[in-house]
Amino acid sequence: MKKLMMTLMAVVIAIAANAQYNTYYYNQYGGSIGSSTTRSNYGGGYTTNYYDRYGGSTGSATTRSNYSGGVTTDYYNQYGGSTGSATTRSNYSGGYTTNYYDRYGGSTGSSTTRSNYSGGYTTNYYDRYGGSIGSSTTRENYAGGTTTTYYDAYGNNIGSSDDW
């Protein structure tokens with residue numbers, strides 16, 4: 001679920017920026033826990049490849065527009081097997097709502113993303129019953145990319161990511 005949360009936010013930003021970029025993930029102490037690369041694919045969408053901190057593959061995702069005017073992301077393990085999916089669409093509050101599913105189509109949770117007062121984005125994550133499981137804030141960084149900080153349901157910092 002954590003990978004889904006981090007990835008979907010990054011991919012939504014990438015689509016908005018029409019960008020190819022690298023993302024680096026860190027734990028709450030600043031230690032590297034992995035990375036990902038996102039690039040355009042031949043289907044008109046995006047492909048993201050994930051790596052552990054040693055550079056080994058941990059999976060991938062493909063993101064494309066769907067027929068309802070939103071975005072669908074399909075997730076795969078390092079062997080190419082499906083691990084789940086997510087759909088993102090605009091909501092009535094001017095932000096985005098993402099629904100996450102397991103590989104059988106069962107709901108695993110959701111998130112809502114909106115602009116915040118500091119000029120960035122805030123995303124709130126929920127389990128399949130609507131209970132809060134965490135949040136994240138995304139803002140521009142000095143390298144010209146974005147920094148996202150992740151929090152658990154109690155507001156404790158659990159990690160971050162930088163992309164450019």
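**Notebook: strands, hairpins and a few side chains**

**Entry 1: β9 and β10.** I began with β9 and β10, which run antiparallel and are joined by six bridges. Here two strands pair if DSSP finds at least two bridges between them. Helices (H or I, at least four residues) and strands (E, at least two) are DSSP runs, numbered from the N terminus. I looked up one bridge in this pair: T122 has T137 in β10 as its partner. The two strands form a hairpin with five residues between them, and G130 in the turn has a positive phi of about 95°.

**Note on the model.** I am working from a predicted model, in which local features need pLDDT of at least 70 and side-chain atom pairs count only at pLDDT 80 or more, while totals for chains, interfaces and linings use all residues. I number residues from 1 along each chain as its sequence is written, and my side-chain values use heavy atoms, with hydrogens and water left out.

**Entry 2: the chain.** I noted one helix and 12 strands. Read from the N terminus, the order is α-β-β-β-β-β-β-β-β-β-β-β-β. How are the 12 strands arranged? They form a closed barrel that runs β1-β2-β3-β4-β5-β6-β7-β8-β9-β10-β11-β12, with antiparallel pairing. From one strand to the next, the twist averages 20° (axes are lines fitted to C-alpha atoms, for helices over the stretch in contact, and angles run from 0 to 180 degrees between N-to-C directions). As a reminder to myself, strands of a sheet pair through backbone hydrogen bonds, either parallel or antiparallel.

**Entry 3: other hairpins.** I went back along the chain to β8 (residues 107–115) and β9 (residues 121–126), which run antiparallel and are joined by six bridges. T113 has T123 in β9 as its bridge partner. This hairpin has five residues between its strands, with G119 in the turn at a positive phi of about 90°.

Next I checked β6 (residues 82–90) and β7 (residues 96–101), an antiparallel pair with six bridges. S90 is bridged to Y96 in β7. These strands form a hairpin with five residues between them, and G94 in the turn has a positive phi of about 90°.

Then I turned to β5 and β6, which pair in the antiparallel sense over six bridges. T72 stands opposite T87 in β6. Five residues lie between the strands of this hairpin, where G80 takes a positive phi near 95°.

**Entry 4: the salt bridge.** I searched for salt bridges (a side-chain nitrogen of Lys or Arg within 4 Å of a carboxyl oxygen of Asp or Glu) and found one in the structure. Which residues form the salt bridge? R64 and D74 do, with their closest N and O atoms 2.6 Å apart. The pair links distant parts of the chain: R64 is in β4 (residues 57–65) and D74 in β5 (residues 71–76), 10 residues apart. R64 counts as partly exposed, at 42% relative accessibility. My classes are buried (under 20% relative accessible area), exposed (over 50%) and partly exposed (in between), with a 1.4 Å probe and protein chains only.

**Entry 5: the aromatic pair.** I searched the whole structure and found one aromatic pair. Y24 and W164 form it; it is tilted, at 5.3 Å centre to centre and 35° between the planes. Y24 lies in β1 (residues 21–26) and W164 in the segment after β12 (157–163), so the pair links parts of the chain 140 residues apart. For the record, rings of Phe, Tyr and Trp (its six-membered ring) pair if their centres lie within 6.5 Å; planes under 30 degrees apart count as stacked, over 60 as edge-to-face and the rest as tilted. Are the partners buried or partly exposed? Y24 is partly exposed at 29% relative accessible area, and W164 is partly exposed at 46%.

**Entry 6: G144.** I found G144 in the loop between β10 (132–140) and β11 (146–152). G144 is exposed, with a relative accessible area of 69%. G144 and D163 are 19 residues apart in sequence and 8.8 Å apart in space, C-alpha to C-alpha.

**Entry 7: burial.** I closed with a total: 41% of the 164 residues of the chain count as buried.
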